[in-house]
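Student: Got a minute to go through this one with me? I'd like to start with the backbone and work outwards.

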Amino acid sequence: MPKSLVIVESPTKARTISDFLGPDAVVESSMGHIRDLPRSASEIPPNAKGEEWARLGVDVDNDFEPLYIVPKERKAQVKKLRDALAGADTLYLATDEDREGEAIAWHLVEVLAPKVPVHRMVFHEITRPAIEDAFANPRGLDERLVQAQEARRILDRLYGYEVSPVLWRKIQPRLSAGRVQSVAVRIVVERERERMAFVSAGYWGVDGVFATQADPDRTFGAELHSVAGVRVATGKDFDSRGRPQGEVLILDRERATELAASSLDAVFEVRSLSTKPYRRSPYPPFRTSTLQQEAGRRLRFSSSRTMSVAQRLYENGYITYMRTDSSSLSDDAVSAARDQVRALYGEEYLSPNPRRSSRKVRAAQEAHEAIRPAGERFRTPEQVAREVGPDESALYDLIWRRTVASQMADAVGVTVTVRIGATIPGGVETLWSASGRTITFPGFLRAYGRDTDPTDDDPAASLPPLTEGENLVVQRIEPTGHETKPPARYTEATLVQQLEELGVGRPSTYASIMTTIQDRGYVFKKGTALVPTFTAFAVVTLLERHFPQLVDYEFTAAMETDLDRIAVGEMESTPWLSAFYFGDDGLRQNVARHLDEIDPRVVGSIPIGVDPFDVPVVARIGRYGPYVERGEDRASIPEDLAPDELTVDQALELIRVQSAGSKILGTDPDTGLTVYGMTGRFGPYVQLGEQEEGAKTRPRRASLFRSMSLDDLGLDDALRLLSLPRVVGQDEAGVEVVALNGRYGPYIQRGEDRRSLEGEEQLFTLDIEGALRLLSEPPRRRGQARTVDVAVVGEDPATKKRITVRSGRYGPYVTDGEVNASLRKGDSPETLTLDRALELLAARRERLGS
């Protein structure tokens with residue numbers, strides 16, 4: 001008997017929806033897009049190979065007709081879908097509800113050419129009521145959305161395929177340009193330029209610690225605010241060149257020390273108290289960009305990790321669709337959130353009236369509901385944690401808290417500012433300042449407090465009860481030195497925020513842009529900070545000087561707006577593409593006009609300064625990477641050196657070390673080969689023997705530890721480095737555990753399982769017991785601190801595993817190396833018994849379903 005065929009994008013989504021539709025429908029996955037523009041010349045069909053436009057994959061002279069092909073890896077899936085369609089009486093296209101999903105649905109129709117009725121299923125959450133309703137009330141394909149998506153795809157292809165070859169010829173092979181990608185790189189480079197131009201200013205202040213006479217144990221801090229009526233300078237009183245602004249008193253170490261010493265015996269009196277009410281409303285529910293930003297800040301997730309986890313939550317029915325520009329909630333969602341506030345926190349924590357968010361971002365494109373827990377009744381984070389992995393649990397918890405908090409009452413309190421006066425020797429009047437805030441009713445902070453909002457600049461320090469005229473007890477007064485700081489580098493979270501504020505890109509592109517600019521070598525990470533490479537500087541300089549419109553923020557945002565207008569029928573895509581490509585200042589003419597005038601040496605040069613003899617020192621981009629140049633002298637720049645950290649002194653040191661050539665450290669007694677100390681693009685290293693001419697393999701090499709330098713390196717240390725990797729031992733199954741020194745630091749490896757080491761010396765000192773204990777711990781994110789054993793409780797009599805209490809981010813917990821269980825109220829790490837530890841672990845396993 002024929003059934004309906006429902007096609008979605010992913011197998012996970014297919015399994016979830018299949019459970020809801022039952023035997024009346026067959027649900028299959030397209031595995032994403034089933035066709036696209038050719039990725040290489042080998043994919044161009046024979047009938048188009050001779051065409052001039054074929055390299056673009058777009059016939060620019062025939063109304064920008066795209067050349068679509070089914071990639072080789074998708075052909076088997078297309079055949080499977082055709083076979084499934086042959087036995088169906090109706091085709092339902094249940095791809096995502098945004099432009100991308102609409103385009104996938106359209107391509108499916110074009111390729112499968114169904115002879116049966118075709119319907120479009122649209123839903124923003126994968127729950128039984130939503131799927132059943134979408135199945136019963138389908139719509140047709142939205143051709144306007146398809147046209148807008150196709151215009152975007154063609155635009156990006158023309159941009160990339162016309163501009164990237166310019167970069168290959170003028171800077172380096174295999175570079176790429178992109179409509180949003182290049183703008184994102186420009187933003188990061190501009191911030192680095194600000195940091196390079198920044199001049200730090202040093203200044204001093206005086207800090208005091210005080211208490212009331214009635215309660216000397218409750219202390220609070222205050223800063224010296226003014227001396228003889230002149231305000232003491234703080235960091236905000238200096239510009240980016242380190243110059244003071246306005247009439248302020250700039251203290252140096254000597255004057256600050258003198259003021260601190262002369263204040264110790266002074267009488268400090270409360271001169272004034274001012275209070276003002278404090279009220280703060282909750283944030284609206286998440287949209288795509290704010291979810292990425294907050295997951296980055298709160299959970300330390302990258303944008304791609306956030307979207308990957310959100311995709312799994314959506315496809316398994318836990319949250320609504322995760323690519324959206326809207327922060328509004330449906331009536332059912334508002335009711336569900338308010339019901340949970342009432343049940344979990346009490347009636348007094350509800351906002352008086354339902355909150356309706358109408359916030360729209362610049363160039364908003366995807367008109368869906370906010371990201372929220374799915375369904376008409378929200379599952380609590382505790383319920384979801386039993387069914388999903390730790391990443392999914394953490395992100396669901398964040399989404400749930402944000403959604404529920406949006407319907408809660410404001411947080412209210414009082415902000416207090418106090419001025420404290422003292423007369424120091426010489427009759428000089430000094431004024432000190434302190435402030436604090438007391439929350440009298442936490443409101444939404446019960447669900448979404450400061451621990452989940454690192455952007456909150458409220459120190460939440462409260463002051464003791466104070467009255468005007470009372471004298472204070474001085475606990476400590478000391479001078480403090482400060483330096484102004486350059487503007488912080490972007491993180492993925494703040495770069496997404498900046499792109500959104502500029503109206504550049506859209507929700508579905510942010511995560512891929514963050515990944516692309518790193519994969520293409522334009523940006524690397526130091527901690528969470530995004531650092532542009534010297535190659536990024538050259539690319540941005542070339543585009544700014546010769547194709548300024550292509551990286552102009554307003555122009556790029558305007559293109560997003562135009563694509564919106566195409567989507568709603570206010571513009572046609574072909575004339576718009578024609579103007580962009582063929583216009584008076586169009587892309588094709590621009591590339592042809594500027595190509596020959598681009599001087600690679602000019603765009604690839606970054607002035608660093610001059611040496612003591614007034615010889616310019618410049619960083620340049622060569623075919624094989626960045627290097628510094630002073631006259632005829634050159635040296636490679638280490639790959640992980642940030643542009644703002646390259647000083648003249650450091651450049652001269654690179655030239656000195658690398659011009660010295662290799663250093664002979666001695667002879668390896670086992671092989672008789674010479675051991676050399678050398679410096680290369682990736683820093684100093686040691687090498688055993690010489691590179692033989694024509695040899696396919698290179699001599700054994702090992703990077704120096706961060707604590708080492710070639711000047712101080714001896715033969716013994718070099719031989720120890722060359723002994724790596726070291727076999728630490730074998731586990732119970734006979735699998736080797738190996739210690740290695742990698743690009744991101746020392747680590748151990750057993751099969752595919754890896755764990756970072758705390759220090760490089762552990763590569764030589766770690767034994768097999770310590771290695772296996774380390775491998776039993778959960779993997780850590782890079783930069784995440786390792787948990788520390790607080791106490792050893794004993795051994796599990798059933799599994800023989802070591803039970804310990806550890807100090808974690810959220811407090812002490814007990815673990816057997818596989819399962820972690822938080823200590824409860826009343827449990828003490830110092831007195832926890834083995835029986836109690838086993839009880840906590842058993843309860844945790846039961847919640848996890850294991």
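**Around a buried helix**

Tutor: Start with Arg-300, just after α8: it takes a positive phi of about 60°. Keep in mind that this is a predicted model.

Student: And α8, how many of its residues are buried?

Tutor: 11 of the 11, across residues 288-298. The helix is therefore largely enclosed by the rest of the structure. Among the buried residues are Gln-292, Gln-293, Glu-294, Arg-297 and Arg-298.

Student: What covers the buried residues of α8?

Tutor: The cover includes α9 (303-315), α12 (390-405), α13 (492-502) and α14 (507-519).

Student: At what angle do the axes of α9 and α12 cross?

Tutor: Roughly 90°, and the axes come within 9 Å. So α9 is roughly perpendicular to α12.

Student: Which residues make that contact?

Tutor: From α9, Arg-305, Thr-306, Val-309, Ala-310, Arg-312 and Leu-313. From α12, Asp-391, Glu-392, Leu-395 and Tyr-396. By type, the contact of α9 with α12 has 5 nonpolar, 1 polar and 4 charged residues.

Student: New topic: the open sheet. What's the strand order?

Tutor: β2-β1-β5-β6, 4 strands with parallel pairing. β2 (25-29) and β6 (118-120) are at the edges with a single partner strand each, so one side of each has no neighbour in the sheet. On average, neighbouring strands are turned by 25° against each other, direction ignored.

Student: How many bridges join β5 to β6?

Tutor: 3, with β5 spanning residues 88-93. Leu-91 stands opposite Val-118 in β6.

Student: Which strands does α1 touch?

Tutor: β1 (3-8) and β2. Helix α1 (residues 11-21) packs on the sheet, and its direction makes about 170° with that of β2. Helix α2 (residues 75-86) lies across β1, β2 and β5, also running at about 170° to β2.

Student: Now aromatics. How many pairs in the whole structure?

Tutor: A search finds 15. One of them is Tyr-283 with Tyr-448, edge-to-face, at 6.4 Å centre to centre and 80° between the planes.

Student: What does that pair tie together?

Tutor: Parts 165 residues apart in sequence, because Tyr-283 lies in the loop between β10 (268-280) and α8, and Tyr-448 in the loop between β12 (428-441) and β13 (471-483).

Student: Is Tyr-448 buried or exposed?

Tutor: Tyr-448 is buried, with a relative accessible area of 2%. Tyr-283 is partly exposed, at 29%.

Student: Which residues form the aromatic cluster with Trp-432?

Tutor: Phe-210, Phe-220 and Phe-268 join Trp-432 in one cluster.

Note on methods:
Residues are numbered from 1 along each chain as its sequence is written. This is a predicted model: local features need pLDDT of at least 70, side-chain atom pairs count only at pLDDT 80 or more; totals for chains, interfaces and linings use all residues. Side-chain values use heavy atoms; hydrogens and water are left out. Two strands pair if DSSP finds at least two bridges between them. Helices (H or I, at least four residues) and strands (E, at least two) are DSSP runs, numbered from the N terminus. Axes are lines fitted to C-alpha atoms, for helices over the stretch in contact, and angles run from 0 to 180 degrees between N-to-C directions. Contact means heavy atoms within 4.5 Å. Buried means under 20% relative accessible area, exposed over 50%, partly exposed in between (1.4 Å probe, protein chains only). Angles under 35 degrees count as roughly parallel, over 145 as roughly antiparallel, 65 to 115 as roughly perpendicular and the rest as oblique. Ala, Val, Leu, Ile, Met, Phe, Trp, Tyr, Cys and Pro count as nonpolar, Asp, Glu, Lys and Arg as charged, and the others, Gly among them, as polar. Rings of Phe, Tyr and Trp (its six-membered ring) pair if their centres lie within 6.5 Å; planes under 30 degrees apart count as stacked, over 60 as edge-to-face and the rest as tilted.
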